[in-house]
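Visitor: I have a model open at the bench and would like to know how its descriptions are justified. Could you take me through the reasoning?

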Amino acid sequence: MARNINRRQFFALAGTAGAAFALGGALAGCSSSNDAAPSTSESASSETASESTASSGPIEVTLGVPTAPPTLPVLRMIDSKALGEDVTINLDVWTAPDQLIAMVQDTEHDMFAFPLTVVSTLFNKGLDVRLMNVNTWGVTYFLTTDPNFGSWSDLKGKTVHIPLQSSPPDALTQYFIDEAGLVPGEDVEIVYASTDEVTQLLASGQAQYATQIEPQVTAALSKNPNLRRALSFEEEWQRVTGTDTMIPNAGFGTKQSFVDENPDFVAAFQDAYQEALEWVVANPAEAAKLAEAELGMQAALVEQAIPNMGLHFKTAPDAAAELADFYELLHTYDPSMIGGDLPTEEMYYQA
């Protein structure tokens, strides 16, 4: 099944935390986490993965991930050895879409946590990316210290801070502003910054209006009593689409070339990731300890944020209807946000 992937000097997991897409000093900290016993289903998945990889010897893979909700299940997979003793998962943390794109284009990275706008853009540019699942839904809020703010139309003449340019939170912020009759970049000034920078600006009161994702939302709210969740992107999405669906935000994926060389491993990873995600949702305190130990995130804040992180697993084909609505809306507004065209079903990984 999977080849022995041993092509570079890999980043140690803990070593990536300091320079990563972190939450800044307010969330930094260290604590040791207790090893959690894997559930029966996870043990069975580990045994299956171990049996399927035994003939191939040790396997080492590198994942490109952010310090964000999609990475938490991977921490659980690493900690519980969900894919067996012979599988080593290494993480490289990306802090901006450009870094993720570079990882996809090199030969050193195998799997990725993708913003859904980015995976579509890469696919439409001819890269052989495949979206395996959608794991993060909603998760985005519009925050403000303005007590009089009530709707997007109130942003005329204001400045909005947004993390992760070209990501779904950015695209949807622009869409909602436009839908309110304002022109982003003209009626409303858009300022991009890293996620941790936006958190710090909100916490200090230097930013009055901003789009932000969990767990950074919880972090900012804990530091500034005048800050509030003014708008839920989930509710805004349902309002403009007339549906009761969730917003697909991010997912895990890989390259077709990696699938072709490692079909059994990719299938085992998909199953183990789902089980690990469900474990994170059911065990927020334990998951938060892993986030603190391995990514330098403050456990108490991560635990508090997990219920609002929108962690819900669907395979890419199972999420096709929601993805179609998401891509169609953005394509109608600005095709460049998703790479120019609606992605075809070929983009979705099939086990």
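Visitor: What do the buried residues of helix 6 pack against?

Guide: In this predicted model, they pack against strand 5 (140-144), strand 6 (159-163), strand 7 (189-193), strand 8 (209-213) and helix 7 (216-223). The word "pack" rests on contact, meaning heavy atoms within 4.5 Å.

Visitor: Which residues of helix 6 are those, and what makes them line one face of the helix?

Guide: Helix 6 covers residues 195-204, and its buried residues are T195, D196, V198, T199 and L202. Looking down the helix 6 axis, you find these buried residues within an arc of 160°, so they line one face. Just past the end of helix 6 comes G205, with a positive phi of about 85°.

Visitor: How do you know that S232 counts as buried?

Guide: Buried means under 20% relative accessible area. S232 has 15% relative accessibility, so it counts as buried. This serine is part of strand 9 (residues 228-232). Setting aside neighbours within four places in sequence, S232 is in contact with T140 and Y141.

Visitor: Why are the buried residues of helix 3 said to line one face?

Guide: The residues in question are P97, L100, M103 and V104, in a helix that spans 97-105. Seen down the axis of helix 3, they fall within an arc of 115°, so one face of the helix is lined by them. D98 and Q105, on the other side of helix 3, are exposed; that term requires over 50% relative accessible area.

Visitor: And what does the buried face of helix 3 pack against?

Guide: Its buried residues pack against strand 1, strand 2, strand 3 (111-115), helix 4 (116-124), strand 4 (129-137) and strand 10.

Visitor: Several of those strands have come up together. In what order do the strands of the open sheet run?

Guide: Six strands form it, in the order 2-1-3-10-4-11, with mixed pairing.

Visitor: What makes strand 2 and strand 11 edge strands?

Guide: Strand 2 (87-93) and strand 11 (311-315) each pair on one side only, and they are the edge strands. From one strand to the next, the twist averages 25°.

Visitor: How do you know that strand 1 and strand 2 pair?

Guide: Pairing calls for at least two bridges. Strand 1 (residues 59-65) and strand 2 have seven, in the parallel sense. One of the partnerships joins I59 to V87 in strand 2. Helix 2 (residues 72-80) packs on this sheet, touching strand 1, strand 2 and strand 10 (248-255), and its direction makes about 145° with that of strand 2.

Terms used. Residues are numbered from 1 along each chain as its sequence is written. This is a predicted model: local features need pLDDT of at least 70, side-chain atom pairs count only at pLDDT 80 or more; totals for chains, interfaces and linings use all residues. Side-chain values use heavy atoms; hydrogens and water are left out. Helices (H or I, at least four residues) and strands (E, at least two) are DSSP runs, numbered from the N terminus. Axes are lines fitted to C-alpha atoms, for helices over the stretch in contact, and angles run from 0 to 180 degrees between N-to-C directions. Buried means under 20% relative accessible area, exposed over 50%, partly exposed in between (1.4 Å probe, protein chains only). The arc is that of the directions from the helix axis to the C-beta atoms.
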